[in-house]
Every structure is written in C-alpha cells, then in structure tokens.
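Colleague: Hi! Could you walk me through the model, one question at a time?

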Amino acid sequence: MQLICTSDFDIINKIGIVVFTISIKLGKDTAFNMKLTFRWYGENDPVTLEKIRQIPTMDGIVTAVYDVPVGEVWSKESIQALKSKINAAGMAFEVVESVPVHEDIKLGNPNAAKWMASYCENIRRLGEAGVKVICYNFMPVFDWLRSELRRAHKDGSNSLAYDNSAVLSMNPLTSELSLPGWDESYTKEELKDLLNRYKGIDEEQLWRNLQAFLQAIIPVAKECNIKMAIHPDDPPWGLFGLPRIITDEVNIERFLKLVDSPANGLSFCTGSLGASDKNDLPKMARRFGNRIYFAHLRNIRWTGERSFEEVGHPTSCGSLDMYEIVKGLVESGFDGYVRPDHGRMIWGETGRFGYGLYDRALGATYLAGLFEAVERSSAK
Ligand SMILES: [Mn+2]
C-alpha cells in the first residue's frame, strides 16, 4: 500500500484554507496476487499496446516472436524488441504464448532431438529476457478448432462456435474446414502427408513422445527459472483420427507426473477443458492450482453433445461457474498470470477472430473484479 499525501500551498496562500488530500492507492501489488495479462499479436495486431494499457489493472502482455518458422530458434534481437516495446508501453513481458512444438517432436521421429535442442535454446533466451512462463501445446496438426467463426447471437454480437456434427462431416483435406490460421500453415499436400505420418501414432505413443520432450526441456526450464505451462487440447477430444491427451483431470494428473517438477505445469484454459461437460473445472482448479501458472479464463455455453459456443466471460452468460473456478484457484494458492481468453465481437468490431479488444477488455475487468472479491474475502 502506498500512502500519498498532498497539500497545495498555492491554494493555502491564495484563499487561506488548507487543502489536504489523503489518497490511499491500492496498487496492483496489494490488490491482487494474480497478474492480469492480455494477448497481443505484435505490430500487425489491430489492438495496440496503447489501448491494452488503458484496461484497468492490466499488468502484462502475452505474445510471441512470429517471424520465425515453427521449431527454429528465436533471435535475441526479436525477443529484446518485443520486450522493449511492451515495457515502453508500461507493461511487463513475462509470459510467452506460445513457443510452438515442431510436429517432428510430437511424432517422435529422428529429427525430434534437433528440434528439442532448438526449443531448449529458446527457453534459455527467453529466461535471459526475464520471461517467467512459457505456454505451449501438444496437439497434433491442428490447434484450436471451430466449425463457425461468426455465430450470431440475439444481442447482435457474434462469436466462435463448435458443432460436433458439422466438424465430423468436414474433411480437412478439402477446403470446407475453417480454422483461423491453420489453412495458411499447410498446403493440402503437406496436410495430407502430415495426417498420414500420424497414422501410427496412438494416444500411448503421443504420451511417450510428450514424456521425451519434457525430459529434454524441463531441466533447462528449471535452470532458467521458467515455468512451462502446457495448454489443454481444444476441444478436449480426438479429431480426424488424431490423438489428443491433455483433456481431463485423470490425464492432467498423469501429465504432471511424467516429469514431476515445479517447472512442469499447466495453462488452465477453462474454455478448452470446459467444452466437455464431464470436466469439473472448480475441482480441477482446486486440485491443480499449485501447478497452474497461467490461466485462460473464459466462458462457453454447451449447445449439445460435444457442441458449444463462446459467450461473454461472466458466469451467467454460459455453462461454466467462473466464480467457483476463481475461488478454486485462489484457495489453492494460485498467484500466476491470468488473461481473458477469446472474446465475442461486439460494438461492430472486426478483426482477428476471438481476439478483438472490446469483449476481452470487458472480460478482463470482470475477472479483476472476481479476483479482488475472492482474494480479499479469502484473506480474512
Ligand atoms: Mn486458451
């Protein structure tokens, strides 16, 4: 807490009264244990750092180096440039999302060792730049997947949505599938080849490949004072014959034991894990809170078996109990980084799907309010 006292002697002299103002500033350090962050996609992001800075209680930026092919070493200059820009805008750069994992590592093929060495070098370089948490995922081929990018809602907003029957009817080798980002990553031929290479990889093999990866990187992360935080699979079930393993409580328990080190932890993404109504998120938050270093907090509404749409962040907007999730995190001792996750498009905003400014800013202030209330009532 900072006590700021001001007295304006000019006014005292002029009008002969004493003006004495005491303002108590509840700085971020004392208001929250958690640190509020916002994802930013770099210079090409229409949402600028200056705008993000104006969201109340915003601490830091979550971003990555985007000018290097997946798997390769990030230049120190690029890392430093990001840090300087973010710091100049008055925010911290302590979380990277993501350092992507090369498919050869997930496939466990002979090139894996080379890519793991590059990955370790990235960890070292980010550690030197003051990064504390690295988010990554271990989903084969596809990152997050949706069947609709602009599901219209009654209030005039729109958001991403996932309809299981629509996804199952899609063939990733034709152009029907719409997923931001992925279709630019691979040509149809490359995708066909990649899907073929995964034919021999079942869940157990993917577990083994993940363990080999962790065994290579976790000691380096520990040395560099970095917490690795795996992002759960989104949605948390296998697709197109590809295995997915970071999906539920049992598997997360197994994951944490693969390399049982504090440097081996989680990004707790409620929208991803919450897509399955079998996942009890408050329970998971409580159980894994001390190994959760980064929380993506957003709400979704279940619309059918394995189907959902993204909604505003508050509990009453969707199917997830955000209050109980935050309570579970706080009561388990969570003091990591939090960010609002995908937002709807509201107020006519257009831009990167899920990553507009307005709804995510509303989400950020809602989350700040939840944390303030829960942290302060738990501290009593
Ligand atoms: Mn997420």
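Modeller: Happily! Two residues are in contact if their C-beta atoms, placed from the backbone, lie within 7 Å. This is a predicted model, in which local features need pLDDT of at least 70 and side-chain atom pairs count only at pLDDT 80 or more, while totals for chains, interfaces and linings use all residues. Residues are numbered from 1 along each chain as its sequence is written.

Colleague: Which residues of α14 does α13 meet?

Modeller: Helices here are DSSP runs (H or I, at least four residues), strands are too (E, at least two), and both are numbered from the N terminus. From α13, the residues taking part are Leu-281, Pro-282, Ala-285 and Arg-286. Their partners in α14 are Glu-324, Ile-325, Lys-327, Gly-328, Leu-329 and Glu-331.

Colleague: And at what angle do helix α13 and helix α14 pack?

Modeller: Axes are lines fitted to C-alpha atoms, for helices over the stretch in contact, and angles run from 0 to 180 degrees between N-to-C directions. Helix α13 spans residues 281-288 and helix α14 residues 322-331; their axes are 7 Å apart, and the angle is about 10 degrees. Angles under 35 degrees count as roughly parallel, over 145 as roughly antiparallel, 65 to 115 as roughly perpendicular and the rest as oblique, so α13 is roughly parallel to α14.

Colleague: Which helix gives the most to the largest nonpolar core?

Modeller: Such a core is a set of buried Ala, Val, Leu, Ile, Met, Phe, Trp, Tyr and Cys residues joined through C-beta atoms within 7 Å. A residue is buried if 20 or more other C-beta atoms lie within 10 Å of its own, exposed if 12 or fewer, and partly exposed in between, with C-beta atoms placed from the backbone. The largest core has 95 residues, and Ile-217 and Ala-229 are among those with the most contacts inside it. With eight residues (it covers 203-223), the top contributor is helix α10.

Colleague: Where is the cis bond that involves a proline?

Modeller: Pro-235 is in the loop between β9 (227-231) and α11 (249-258). Omega is about 0 degrees for the cis peptide bond, which joins Asp-234 and Pro-235.

Colleague: Is Thr-57 buried, exposed or partly exposed?

Modeller: Thr-57 sits in the loop between α3 (49-53) and β4 (60-63). Its phi is positive, about 65 degrees, although Thr-57 is not a glycine. Because Thr-57 has 19 C-beta neighbours inside 10 Å, it counts as partly exposed.
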